Amino acid sequence: MASLSQLVDNVVVNTFEVNQPEIRIGRKADNDIRIDEISVSGHHAMIESIPNVYLEGTVDYYITDSDSTNGTFVNEIRIEARQRLNSHDVVRIGWNEFRFVDEDENALEKTAYILD
């Protein structure tokens, strides 16, 4: 199971499970993860869960910025297109920092992705 843990001063203050094919993140009430904060756009980003084509039973996770004002960052790099998430990546949405954790990720999965 994958999750997104919200960090404040590197301490987890909230954890959201990534348990649907699409998780929408933003300030508006219709998002799956709602962040009521001025630096977050109404519909800021989306996380997709997609079955891995090489490893049966394995899921890959991708994040896409939804044309937000302040951008979406993975490990302090602003994403321009869909970006694959690896366990322990740090995701920044507006001024909010999260750690992505995929408890099922393993080295074989990373190798299969590199071969793609």
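# Exercises on a predicted β-rich chain

In this predicted model, asparagine 31 touches Arg24, Ile25, Gly26, Gly42 and His43, leaving out residues up to four places away in sequence. The exercises below begin with this residue and then turn to the sheet, to two further residues, to the loops and to the whole chain.

## Exercise 1. A residue in a loop

Task: Determine where asparagine 31 is placed and whether asparagine 31 counts as buried or exposed.

Solution.
Step 1. Asparagine 31 is found in the loop between β3 and β4.
Step 2. The relative accessibility of asparagine 31 is 7%. A residue is called buried when this value is under 20%. Asparagine 31 therefore counts as buried.
Step 3. Contacts may be compared with a distance along the chain: asparagine 31 and aspartate 67 are 36 residues apart in sequence, and their C-alpha atoms are 15 Å apart in space.

## Exercise 2. The order of the strands

Task: State in which order the five strands of the open sheet are arranged, and which are the edge strands.

Solution.
Step 1. The order is β4-β3-β5-β6-β9, and the pairing is mixed.
Step 2. β4 (33–34) and β9 (83–85) are the edge strands, since each pairs on one side only.
Step 3. As background, strands of a sheet pair through backbone hydrogen bonds, in either a parallel or an antiparallel sense.
Step 4. β3 (residues 22–26) pairs with β4 in the parallel sense, over two bridges. β3 also pairs with β5, here in the antiparallel sense and over four bridges.
Step 5. β5 and β6 are antiparallel as well, with seven bridges.

## Exercise 3. Bridge partners

Task: Identify the residue of β4 that is the bridge partner of isoleucine 25, and the residue of β5 that stands opposite isoleucine 25.

Solution.
Step 1. In β4, the partner is isoleucine 33.
Step 2. In β5, alanine 45 stands opposite isoleucine 25.
Step 3. A further example joins β5 to β6: the bridge partner of serine 49 in β6 is tyrosine 61.

## Exercise 4. Two buried residues in the sheet

Task: Explain why isoleucine 63 and glutamate 48 are both classed as buried.

Solution.
Step 1. Isoleucine 63 lies in strand β6 (residues 59–65), and glutamate 48 lies in strand β5 (residues 45–51).
Step 2. The relative accessible area of isoleucine 63 is 0%, so isoleucine 63 is buried. Glutamate 48 has a relative accessibility of 16%, and therefore also counts as buried.
Step 3. Beyond neighbours within four places in sequence, isoleucine 63 is in contact with several residues, including Ala45, Ile47, Val74, Ile79 and Leu85. Under that restriction, glutamate 48 is in contact with Pro21, Glu22, Asp60, Tyr61, Tyr62, Thr64 and Arg82.
Step 4. Isoleucine 63 and arginine 84 are 21 residues apart in sequence, but 6.4 Å apart in space from C-alpha to C-alpha.
Step 5. For the strand of glutamate 48 as a whole, five of the seven residues of β5 are buried, so β5 is largely enclosed by the rest of the structure.

## Exercise 5. Charges over rings

Task: Find which ring lies under the charged end of arginine 82 and which under arginine 92.

Solution.
Step 1. The charged end of arginine 82 sits over the ring of tyrosine 62, 4.0 Å from the ring centre.
Step 2. Arginine 92 lies over the face of phenylalanine 73, at 4.0 Å from the ring centre.

## Exercise 6. Positive phi in two loops

Task: Describe the phi value, position and accessibility of aspartate 9 and asparagine 75.

Solution.
Step 1. Aspartate 9 has a phi near 55°, a positive value in a residue other than glycine. The phi of asparagine 75 is likewise near 55°.
Step 2. Aspartate 9 lies in the loop between β1 (2–8) and β2 (11–18). Asparagine 75 is in the loop between β7 (72–74) and β8 (77–78).
Step 3. Aspartate 9 has a relative accessibility of 75% and therefore counts as exposed. Asparagine 75, with a relative accessible area of 41%, is partly exposed.

## Exercise 7. The whole chain

Task: Establish whether the radius of gyration of the chain agrees or disagrees with that of a compact globule.

Solution.
Step 1. The chain has one helix and 11 strands.
Step 2. For 116 residues, a compact globule would have a radius of gyration near 13 Å; the chain has 14 Å, which agrees.
Step 3. The C-alpha trace spans about 40 × 30 × 25 Å along its principal axes.
Step 4. Buried residues make up 44% of the 116 residues.

Conventions:
Residues numbered from 1 in each chain as written. Predicted model: local features only at pLDDT ≥ 70, side-chain atom pairs only at ≥ 80, totals over all residues. Heavy atoms only, no water. Pairing = 2+ DSSP bridges. Lys NZ or Arg CZ within 6 Å of the ring centre and 35° of its normal. Rg over C-alpha atoms; globule rule 2.2 N^0.38 Å. Buried < 20%, exposed > 50% of the residue type's maximum accessible area, 1.4 Å probe, protein only. Contact = heavy atoms within 4.5 Å.
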